[in-house]
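Reader: Hey, I've got a structure to look at for class and I don't know where to begin. Can we go through it together?
Author: Sure, let's put it up and take your questions one by one.

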Amino acid sequence: MAELPPDPLFTLRGDMGAVHSLLFHLTEDAEYLYASTQSGLVHKWNLKSCREESKLKISEEACLSLTYFRYKLVSQEKGGGIKIWKEDKHPILEKTIPLDYWGFCRFGISDSKYIVCPESSSSIKVINFEGDLIQTLKPPCSEKLGEIMALKCLNLSDKSYIFVLYESGLLTLFSCDTGCEVTSCKVSSDCPMALDFDGCSKCVVGGSGDSILGFELTKGLELIKWKETKITNPGVSCLAIRPDKRLLAAGCWDARVRLFSMKTLKLLAVLVNHKDTIHDIRYSPARVRAWDVEWLLAVAGKDGRVTLWNLY
């Protein structure tokens, strides 16, 4: 039986509408949380005052994902590609990288040098920050894999890899150095939608079904099934492993956030403070001084609210 969870530390409310993505930006001078929305706006929240400081119009389409890299904000809009913004009092658009992709998979950053982007025809583009194409990754199998649903960049033994999760349920590991497939595994018969990796050996997958599946990447870079846990109502839209590799948070279609032990995939608690589908879950990459929390958990979704948590 799951424990009763605590209340959130705070709930950020405003005129955001459906929130697609969250991003912590922590500096010595200030601590911010960015929230990107269905309307193409990015809302910048000060974590000390819990007030919205500014808004940035990214596009007319939904802003699916954000990252902060090399002192620049990088955004991804639905169907419109990647935009790189120079951070200033008012961010300035430096470059637009067009993409041919209308799904919901978020881009990644590989080897601190490249932007990894989903494309149509089950392919992945690896692009540098000048917008030049470095390589295109395509699976060697001839079967129809469908859309790319999720990707995850990782480094193992000083080498760069990319996990790619396809609509067909196939999970493939590519080498960034060679552009070749390293290993593949059929991970789900349902449509998978969410993927995370603990940076060491454990990988978790969730989707339209009622299971969260755990896989282990062996030292020989083979994927083997590790554990499986059932959830009450089907539908997992996002997964996030805490940086200490001890806690897994699952954002679900039924507006709940389910918390699991990463050691056993045992359910620990269920958060019920949202009213609609959860779209994103993020742990802070470092201690948030404003709340004196080592790994602050931020949750957002279709209901337009962002909740902040200190858990376990």
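Reader: Okay, how many nonpolar, polar and charged residues are in the lining of the largest cavity?
Author: Three are nonpolar, five are polar and two are charged. One thing to keep in mind throughout is that this is a predicted model.

Reader: Which residues are those?
Author: The lining of the largest cavity is made of Leu64, Gln76, Glu77, Lys78, Gly79, Gly80, Gly81, Leu99, Tyr101 and Gly103.

Reader: And how much space lies in there?
Author: About 40 Å³. A search of the whole structure turns up one cavity of 30 Å³ or more.

Reader: What about pockets, then? What's the volume of the second largest pocket?
Author: Its volume is about 180 Å³. There are 13 residues lining this pocket, and Lys44, Ser54, Lys55, Lys89 and Pro91 are the closest to its centre.

Reader: Which elements give two or more residues to that lining?
Author: Two strands do, β4 (41–46) and β5 (51–57). β5 gives the most, with four residues.

Reader: How does that lining split by class?
Author: For the second largest pocket, you get five nonpolar, two polar and six charged residues.

Reader: Switching topic: which residues touch the most other members in the largest nonpolar core?
Author: That would be Phe163, Leu171, Leu195 and Leu217, in a core of 19 residues. The elements giving two or more residues to this core are β14 (148–156), β15 (159–166), β16 (170–175), β18 (192–197), β19 (202–207) and β20 (211–217). As background, nonpolar side chains tend to be buried together in soluble globular proteins.

Reader: What does Phe163 touch?
Author: Not counting residues up to four places away in sequence, Phe163 touches Ala150, Leu151, Lys152, Leu154, Leu171, Thr172, Leu173, Leu195, Phe197, Leu217 and Leu223. Apart from this core lies another one, of 17 residues, including Leu12, Val19, Leu22 and Ala300.

Reader: Now cysteines. How many disulfides does the structure hold?
Author: Zero. Take Cys200, for example: the nearest cysteine sulfur belongs to Cys203 and is 13 Å away. Cys200 is partly exposed, at 47% relative accessible area.

Reader: Why is there no bond from Cys252 to Cys238?
Author: The sulfur of Cys238 is the closest cysteine sulfur to that of Cys252, but they are 7.8 Å apart, so that's too far for a bond. The cut-off for a disulfide is 2.5 Å between the sulfur atoms.

Reader: Is Cys252 buried or exposed?
Author: Buried, with a relative accessible area of 0%.

Reader: I heard about positive phi values. Which phi does Ser122 have?
Author: About 60°, which is positive although Ser122 is not a glycine. Ser122 sits in the loop between β11 (114–118) and β12 (124–128). At 13% relative accessibility, Ser122 counts as buried.

Reader: And what about phi of Ala255?
Author: Also positive, near 75°, and again this is a residue other than glycine. You'll find Ala255 in the loop between β23 (247–252) and β24 (257–261). Its relative accessibility is 8%, so Ala255 counts as buried too.

Reader: Let's do a strand residue. Where is Thr67?
Author: Thr67 is in strand β6 (residues 63–69). Thr67 counts as buried because its relative accessibility is 19%, and the cut-off for buried is under 20%.

Reader: What is Thr67 in contact with?
Author: Leaving aside neighbours within four places in sequence, Thr67 is in contact with Leu23, Lys72, Leu73, Val74, Phe107 and Ile109.

Reader: How about Ile134, which strand does that lie in?
Author: β13, residues 133–137. Ile134 is partly exposed, at 40% relative accessibility. Tyr114, Val126, Ile127 and Asn128 are what Ile134 touches, not counting residues up to four places away in sequence. From Ile134 to Tyr114 is 20 residues along the chain, with their C-alpha atoms separated by 8.4 Å.

Reader: Last one: is Asp177 buried or exposed?
Author: Exposed, at 54% relative accessibility. Asp177 is in the loop between β16 and β17 (181–186), and Asp177 is in contact with Lys159 and Ser160, leaving aside neighbours within four places in sequence.

Technical notes. Residues are numbered from 1 along each chain as its sequence is written. This is a predicted model: local features need pLDDT of at least 70, side-chain atom pairs count only at pLDDT 80 or more; totals for chains, interfaces and linings use all residues. Side-chain values use heavy atoms; hydrogens and water are left out. A nonpolar core is a set of buried Ala, Val, Leu, Ile, Met, Phe, Trp, Tyr and Cys residues joined through side-chain atoms within 4.5 Å. Buried means under 20% relative accessible area, exposed over 50%, partly exposed in between (1.4 Å probe, protein chains only). Contact means heavy atoms within 4.5 Å. On a 1 Å grid over the protein atoms alone, a cavity is a set of points where a 1.4 Å probe fits but cannot get out, and a pocket is an open set with protein on both sides within 12 Å along at least five of seven lines; lining residues have an atom within 4 Å of a point. Grid points are joined across faces, edges and corners, and a volume is the space filled by probe spheres set on the points. Ala, Val, Leu, Ile, Met, Phe, Trp, Tyr, Cys and Pro count as nonpolar, Asp, Glu, Lys and Arg as charged, and the others, Gly among them, as polar.
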